[in-house]
Amino acid sequence: MTCPICRKDSNERFRPFCSGRCADVDLGRWLGGEYSLPGPDHDDDHDDRAKAGETGPQKDRQRQ
Ligand SMILES: [Zn+2]
């Protein structure tokens, strides 16, 4: 396995990272919102809410 930050071999102690430093970098990215969340899905959800008046009931039916 390789460190997702710097692509070095990961250290068992800090898996999946190679060091505590890279783990910190990853945490910082999460907190800073730099990580790309499942974007498209997220945006779709927002879109539906924007026009909730019309699409709300339909969405409920889709969920069942
Ligand atoms: Zn690393």
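I started with the order of elements: read along the sequence, the protein chain goes α-α-α. That makes 3 helices and 0 strands. Note to self: this is a predicted model.

**Confidence check.** I looked up pLDDT before anything else. The chain averages 76, and 52% of its residues reach 70 or more. Of its elements, helix α1 (residues 20-32) has the highest mean, 92, and helix α2 (residues 39-50) has the lowest, 56. Where pLDDT is low, the predicted coordinates should not be read in detail. I therefore leave the details of α2 alone, given its mean of 56.

**Whole chain.** How much of the chain is buried? Buried residues come to 6% of the 64 in the protein chain. I also checked contacts with a separation of 6 or more: residues 24 or more positions apart account for 0% of them.

**Helix α1.** I took the span of this one. It has 13 residues and runs 18 Å from its first C-alpha to its last, close to the 18 Å expected at 1.5 Å a residue. Just after α1 comes Gly33, with a positive phi near 75°.

**Cys22.** This residue sits in helix α1. Is Cys22 buried or exposed? I count it as buried because it has 20 C-beta neighbours inside 10 Å, and the cut-off for buried is 20 or more. Which residues does Cys22 contact, leaving aside neighbours within four places in sequence? I find Cys3, Ile5, Cys6 and Phe17 on that list. I also checked Cys22 against Pro4: they are 18 residues apart in sequence, and their C-alpha atoms are 8.4 Å apart in space.

**Ile5.** I then went to the other end of one of those contacts. Ile5 lies in the segment before α1. Ile5 is partly exposed because 18 other C-beta atoms lie within 10 Å. Not counting residues up to four places away in sequence, Ile5 touches Phe17, Cys22, Val25 and Asp26. So what does the helix spacing say about that list? An α-helix has 3.6 residues a turn, so residues three or four places apart point the same way. Cys22, Val25 and Asp26 are among the residues that Ile5 touches. I also took the C-alpha separation of Ile5 and Pro16, which are 11 residues apart along the chain, and got 9.4 Å.

**Backbone oddities before α1.** Pro16 is in the segment before α1. What kind of peptide bond joins Arg15 and Pro16? It is a cis bond, with omega at about 0°. Arg7 is in the segment before α1 too. I noted its phi, which is positive at about 70° although Arg7 is not a glycine. Arg7 counts as exposed, since it has 10 C-beta neighbours inside 10 Å.

Technical notes
Residues numbered from 1 in each chain as written. Predicted model: local features only at pLDDT ≥ 70, side-chain atom pairs only at ≥ 80, totals over all residues. Helix = DSSP H or I, 4+ residues; strand = E, 2+ residues; numbered from the N terminus. Buried ≥ 20, exposed ≤ 12 C-beta atoms within 10 Å, placed from the backbone. Contact = placed C-beta atoms within 7 Å. pLDDT = per-residue confidence, 0-100. Expected span 1.5 Å × (residues − 1).
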